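Dear colleague,

I am handing over the structure below, and my notes on its ligands follow it. Please read them alongside the coordinates.

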Amino acid sequence: MSDCIFCKIISKEIPGNIAYEDDRILAFHDLEPQAPVHVLIVPKKHIASLDDVAQEDAELLGYLMSKVKDVAAGLGLENGYRVVINTGEDGFQTVKHLHIHLLGKRKMTWPPG
Ligand code: AMP
Ligand code: ZN
C-alpha cells in the first residue's frame, strides 16, 4: 500500500523507533505516547483493520498475538500492560493498517474513554 504510513515505516521509507522486528511483524514506538511505554505492533502484511481480516490471515494474527508477551517483556512490562485495537469510525481508528497498541508502565483505568 503506497499511501499507508505504517507500510512506509515497515519498508524503512520513513523512520520508526523500532522495538522489535522479525520477518512477519514490526513493533515501533508511538509518536504520541499515551503511557510511559506505548508501542504499536503491526503485521508487515497490509491489512486495513480487524474488519478486513481474511480467513487466510488467521495464522498471521495468531502469531501477532503470540508475540505480544515477548515485545512486552523486551520493554520491561513485567507488571502487566494493556493492548488495544481501535477499529473503524466508532473505534477511533486513525491509521488504516491493523495495529495493536501496547501500553504500559502506568496503572490503567476501566472503562476506557
Ligand atoms: P489509531 O488511532 O488506533 O489508528 O492509532 C494510530 C496511532 O499511530 C496513534 O497513536 C498515532 O500517534 C500513531 N502514529 C501515527 N503516525 C505515526 C508514526 N509515523 N510513527 C509512530 N506512530 C505514529
Ligand atoms: Zn499498510
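**Zinc site and ligand 1**

Cys4 counts as buried because its relative accessibility is 6% (buried is under 20% relative accessible area, exposed over 50%, partly exposed in between, with a 1.4 Å probe and protein chains only). His46, at 23%, is partly exposed.

This is a predicted model, in which local features need pLDDT of at least 70 and side-chain atom pairs count only at pLDDT 80 or more, while totals for chains, interfaces and linings use all residues. Residues are numbered from 1 along each chain as its sequence is written, chains are lettered from A and ligands numbered from 1 in the order in which they are written, and side-chain values use heavy atoms, with hydrogens and water left out.

Both residues bind the zinc ion (ligand 2), whose protein donors are Cys4 (SG), Cys7 (SG), His46 (ND1) and His97 (ND1), at 2.0 to 2.3 Å (donors are N, O and S atoms within 2.8 Å of the metal, or 3.2 Å for Na, K and Ca; water is not among the atoms, so sites may look incomplete). The arrangement is tetrahedral because the four donor atoms subtend angles of 104 to 115 degrees, where four donors qualify if all angles lie between 85 and 135 degrees.

Turning to ligand 1, one of its oxygen atoms lies 2.7 Å from a backbone N or O atom of Thr94, and a polar side-chain atom of His101 is 2.8 Å from an oxygen atom of the ligand. The protein covers 85% of the 510 Å² of accessible area that ligand 1 has on its own (Shrake-Rupley method, 1.4 Å probe).

Best regards

Methods: Four donors count as tetrahedral if all angles lie between 85 and 135 degrees; four count as square planar and six as octahedral if opposite donors are over 155 degrees apart and all others between 65 and 115; anything else is irregular. A polar contact is a pair of N or O atoms within 3.5 Å; within protein, one must be able to donate a hydrogen and the other to accept it, and residues adjacent in sequence count only if both atoms are side-chain atoms.
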